[in-house]
Amino acid sequence: MKILHTLDALRAARAHAGRVVFVPTMGNLHDGHLSLMTDARSRGDTIAVSIFVNRLQFGPNEDFDRYPRTLAEDAEKLRSIGVDLLFAPDETELYPEPQNYVVEPPGIQHLLDGEFRPGHFRGVATVVLKLLNMVQPDVAIFGKKDYQQLMVLTAMVRQFALPITVVGGETVRAADGLALSSRNGYLSASERAVAPRLHRTLNEIVRIVQNGGAADQAALTALEQRATAELDGAGWKTDYIAIRRRVDLLPPEADEIAPGRLVVLAASRLGQTRLIDNLEI
Ligand code: PAF
């Protein structure tokens, strides 16, 4: 595996890389990331991964400074699963001058996570457009765990006519249901023990909607509110639990409340740790 820290080295390697499948990450890799890379194998000649903790997508009071940076361990994992190329630029390489030109996603950036993390999706879209221009992949893979991010980026690639196929990779879960995330490492042992409750809550909502137990918007809202109250009653601080249509993450019309068209998304804090998760219905 080649480890490249500069754009010049990346461009030189890209010239001989054939069909490139790219998985952008912020590092601290877990099995959820690695499954995206395994998925990449059959889609091209070269698997390229980037590791870059992108300051632009963190709010002023978020965890940019303490976000785990584990490059040596990450490189070892990537090597062991056969990744070909690791691009790990430092901040001055990625942002040699202040990044004044930005990608401003449309209304979707203000919904759900965007409401609680203003500017987050602008920062994500901006760095991803830049990484895509640097790596010039044929395929880019993003996890469905960050469902809203996947939607923002899919639409960005489509609207800017980038010659790239975007693929959504399935969420990987621990045996008790907790979605794998680098931020799970922030949980204390007692928090980790109760963390799977978020997934159970979403599962229960999926079950009710699939069984026809919420047929209109008022019933969905009541379901969201009850689930939020239950979680918060157990000591969580919930930002949102929302049943939305997959196509644009807006509330569904009554005739859209049907399996195959909806997704339930949640963000909730356990102590200092903010967990997100979602399930397609
Ligand atoms: O999902 C992530 O890890 C990040 O948001 C991404 C896509 C690598 C952009 O920094």
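A salt bridge here is a side-chain nitrogen of Lys or Arg within 4 Å of a carboxyl oxygen of Asp or Glu. By that rule, the count comes to 19 salt bridges. One of them joins the side chains of Arg41 and Asp84, at 3.7 Å from N to O. Arg41 sits in the loop between α2 (31-40) and β3 (46-51), while Asp84 is in the loop between α3 (71-80) and β4, so this pair links distant parts of the chain, 43 residues apart.The model you are looking at is predicted: local features need pLDDT of at least 70 and side-chain atom pairs count only at pLDDT 80 or more, while totals for chains, interfaces and linings use all residues. Residues are numbered from 1 along each chain as its sequence is written, and side-chain values use heavy atoms, with hydrogens and water left out. Helices (H or I, at least four residues) and strands (E, at least two) are DSSP runs, numbered from the N terminus.

## More on the salt bridges

Some words on exposure help here. Buried means under 20% relative accessible area, exposed means over 50%, and partly exposed is in between (1.4 Å probe, protein chains only). Arg41 is partly exposed, at 36% relative accessible area, and Asp84 is partly exposed too, at 29%.

Here are two further pairs, with their N to O distances.

| Pair | Distance, N to O |
|---|---|
| Asp277 and Arg173 | 2.9 Å |
| Arg192 and Asp176 | 3.0 Å |

Asp277 lies in strand β9 (residues 273-280) and Arg173 in the loop between β6 (165-169) and α8 (189-194), so their bridge ties together parts that are 104 residues apart in sequence. Asp277 counts as buried, at 5% relative accessibility, whereas Arg173 counts as partly exposed at 24%.

In the pair of Arg192 and Asp176, Arg192 belongs to helix α8 and Asp176 to the loop between β6 and α8, 16 residues apart. Arg192 is partly exposed, with a relative accessible area of 26%, and Asp176 is partly exposed as well, with 38%. There is also a network: Asp113, Asp239, Arg269 and Arg274 are joined by salt bridges that share partners.

## A cavity and a pocket

Both terms come from a 1 Å grid over the protein atoms alone: a cavity is a set of points where a 1.4 Å probe fits but cannot get out, and a pocket is an open set with protein on both sides within 12 Å along at least five of seven lines. Lining residues have an atom within 4 Å of a point. Grid points are joined across faces, edges and corners, and a volume is the space filled by probe spheres set on the points.

The structure holds one cavity of 30 Å³ or more. The largest cavity has a volume of about 50 Å³. Its lining includes Lys145, Leu178, His199 and Asp277. The elements that give two or more residues to this lining are α9 (197-210) and β9, and β9 gives the most, with three residues. Asp277, then, turns up both in the cavity lining and in the salt bridge with Arg173. By class, the cavity lining has five nonpolar, three polar and two charged residues. In this scheme Ala, Val, Leu, Ile, Met, Phe, Trp, Tyr, Cys and Pro count as nonpolar, Asp, Glu, Lys and Arg as charged, and the others, Gly among them, as polar.

Now for the second largest pocket, where about 410 Å³ of space lies. Of the 20 residues that line this pocket, the closest to its centre are Ile108, Met151, Val152, Ala155 and Met156. Helix α7 (residues 147-159) gives the most to the lining, with nine residues. The pocket lining has 15 nonpolar, two polar and three charged residues.

## Helices and single residues

In helix α1 (residues 7-14), the buried residues are Leu7, Leu10, Ala13 and Arg14. They cover an arc of only 125° around the axis (taken from the directions from the helix axis to the C-beta atoms), which puts them on the same side of α1. As background, an α-helix has 3.6 residues a turn, so residues three or four places apart point the same way. The buried residues of α1 pack against β1 (2-4), β2 (20-25), β4 (85-87), α4 (91-94) and α6 (120-135).

Helix α6 is also home to Thr126, which is buried at 4% relative accessible area. Leaving aside neighbours within four places in sequence, Thr126 is in contact (heavy atoms within 4.5 Å) with Leu56, Gln99, Tyr101, Val102 and Val103. Thr126 and Val103 are 23 residues apart in sequence and 5.0 Å apart in space, C-alpha to C-alpha.

Tyr147 is found in helix α7 and is buried, with a relative accessible area of 7%. Beyond its neighbours within four places in sequence, Tyr147 is in contact with Arg246, Leu249, Val263, Leu265, Asn278 and Glu280.
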